[in-house]
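User: Hi! I'm new to this one and would love a friendly tour. Could you walk me through it?

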Amino acid sequence: DLESFALAYVPSNDKNGENNEHFFVKVNINLWTQCGWNDETPVLDIGLMLSHLSDAKKIRLYLPFQVEKENFEDLCECLSKDANLLGAVFNELYTSTDITTTKRAAVTKGLSEAPEFILYKLDFSSADDVKVSSYKNGKGTFLDFDPQVIRDPSKEYSCDKYYLRFRIQSNVLTDCVREYQAPNRYFETLVNSTYMIDMRFNNTRSMDLSLVQQLTQNDYHLAPIEGLHFLLMAKVDVDVDTNGALTSSRVLEKDIWNSYVNLKADENRATEDIIAYHSSKKAGGNANDIGSWEFFTRLKTGRCSKNTIIPYLVLLILINVGCNFAFNIWLTGLSGIIPNLLSIIKQVGSLILIVVLAWLLMRSSNGKSKSR
């Protein structure tokens, strides 16, 4: 089973040497899966709103799978260039300054000149921006951020709230969206496939003890998560189980989100007829920590391709040959079995050959389905 995502930090010290407790985070997770794109590998976007960043000396994010630097892409530059997209992501009327020169963009609301927060453009090729390291020989990945690098050294903005957002694209994300292999899948799931999405955040029960210790030692603490918003993006024809885990849904505005999903010109991903299913958890009362977050749901998709059509055609042929064979035996009668023994042997041989071919085709089709 997939372990939990986790976020930890090292508090900074005030003048009296006491740990400040003001630092907290809001987490955004977008999972794109079964969107009808040519590449059906899931895409994961993670956003971190870091409040009172000066109260953190180090920040560490744990991903429960192995990812390389090449699998990460920054998203804040994309957000800063499009006010409509920025407003759609945060559901507010935000505008942004230019991010290209300083790697930081002040985000303002309405006519106000005071920044609500600062977008920071991550460079994953630079260890100064973010250090990517492996945990337990590929079992997971650590992302280490340095708040001193993220914060504006010129103090141009009187704002201590920064936003990081990045995308992960890798085949390992199939661990987040696992295909369920039914016992009778050869007959029931050749066309319909069922997927399970099981994700957690700061859920220590699903983490190795050694990992929990690594995230809570050397002055590290699990970061207080004030709120977490999860969006599941899927094509409209995908049957999503919305009982309990998902609280609302809406259709994505294709003209706004096209540039967001297509960071590269050759990706050719469409956002038409994609539904965003929403789940969230917020800290109650005066608390600024939700504790942990767990999410589970099921998807059922129907896909028609040569890998699903060919096995069914073979099955139809097999059934037809079997019916003809049984009918011929019935017509021939017991008295004609011996004179027609050669003909019967040919029919039985043909039947066995078709059974073997059908089995090989279905096994091949199932193997390709598992690798998606």
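**Pocket, salt bridges and surface**

Analyst: Happy to! The largest pocket holds about 740 Å³ of space. Keep in mind that this is a predicted model.

User: Which residues are closest to the centre of that pocket?

Analyst: Asn28, Val89, Phe90, Asn91 and His229 are the closest to its centre, out of 26 residues that line the largest pocket.

User: And which elements give two or more residues to the lining?

Analyst: Those are β2 (24–32), α2 (83–90), β11 (161–169), β15 (225–235) and β18 (274–282).

User: How do the lining residues divide into nonpolar, polar and charged?

Analyst: The lining of the largest pocket has ten nonpolar residues, seven polar ones and nine charged ones.

User: Okay, new topic. How many salt bridges are there in the whole structure?

Analyst: A search of the whole structure turns up 18 salt bridges. As background, side chains of opposite charge can pair when their charged atoms come close.

User: What does Arg60 form a salt bridge with?

Analyst: Its partner is Asp144, and the closest N and O atoms of the pair are 2.7 Å apart. Arg60 sits in strand β4 (residues 56–63) and Asp144 in strand β10 (residues 140–145), so this salt bridge ties together parts that are 84 residues apart in sequence.

User: Are Arg60 and Asp144 buried or exposed?

Analyst: Arg60 is buried, and Asp144 is buried too.

User: What about Asp129, which residue does that one pair with?

Analyst: Asp129 forms a salt bridge with Lys103, with 2.5 Å between the closest N and O atoms. This pair links distant parts of the chain, 26 residues apart: Asp129 is in the loop between β8 (117–120) and β9 (130–135), while Lys103 is in the loop between β6 (94–96) and β7.

User: Why does Asp129 count as buried?

Analyst: Because its relative accessibility is 3%, and buried means under 20%. Lys103, at 26% relative accessibility, counts as partly exposed.

User: Got another pair? How far apart are the closest N and O atoms of Lys254 and Glu272?

Analyst: They are 3.9 Å apart in that salt bridge. Lys254 is in helix α6 (residues 254–261) and Glu272 is in the loop between α6 and β18, 18 residues apart. Lys254 counts as partly exposed at 37% relative accessibility, and Glu272 is partly exposed as well, at 42%.

User: Which residues are linked in a network of salt bridges?

Analyst: Glu3, Lys136, Lys139 and Asp208 are linked in such a network.

User: Switching again: where is Ala106?

Analyst: Ala106 is in strand β7 (residues 104–109). Ala106 is buried, with a relative accessible area of 6%. The C-alpha atoms of Ala106 and Phe117 are separated by 6.3 Å, and these two residues are eleven residues apart along the chain.

User: And how far is the C-alpha atom of Ser51 from that of Phe117?

Analyst: The separation is 8.7 Å, for residues that are 66 apart along the chain. Ser51 lies in strand β3 (residues 43–51) and is buried, at 5% relative accessible area.

User: Last one, the surface. Which residues make the nonpolar surface patch of about 570 Å²?

Analyst: That patch is made by Ile352, Leu353, Val356, Leu357, Trp359 and Leu360. Leu360 is in helix α8 (residues 341–370), and at 44% relative accessibility Leu360 counts as partly exposed.

User: Lovely, thanks for the tour!

Conventions
Residues numbered from 1 in each chain as written. Predicted model: local features only at pLDDT ≥ 70, side-chain atom pairs only at ≥ 80, totals over all residues. Heavy atoms only, no water. Patch = residues over 30% accessible without salt bridge, like charges linked within 9 Å, V, L, I, M, F, W, Y side chains within 5 Å. Areas by Shrake-Rupley, 256 points an atom, 1.4 Å probe, with all protein chains shown as cover. Salt bridge = Lys/Arg side-chain N within 4 Å of Asp/Glu carboxyl O. Helix = DSSP H or I, 4+ residues; strand = E, 2+ residues; numbered from the N terminus. Buried < 20%, exposed > 50% of the residue type's maximum accessible area, 1.4 Å probe, protein only. 1 Å grid on protein atoms, 1.4 Å probe; cavity = no way out; pocket = protein on both sides within 12 Å on 5 of 7 lines; lining within 4 Å. Points joined across faces, edges and corners; volume = space filled by probe spheres on them. Nonpolar A, V, L, I, M, F, W, Y, C, P; charged D, E, K, R; others polar.
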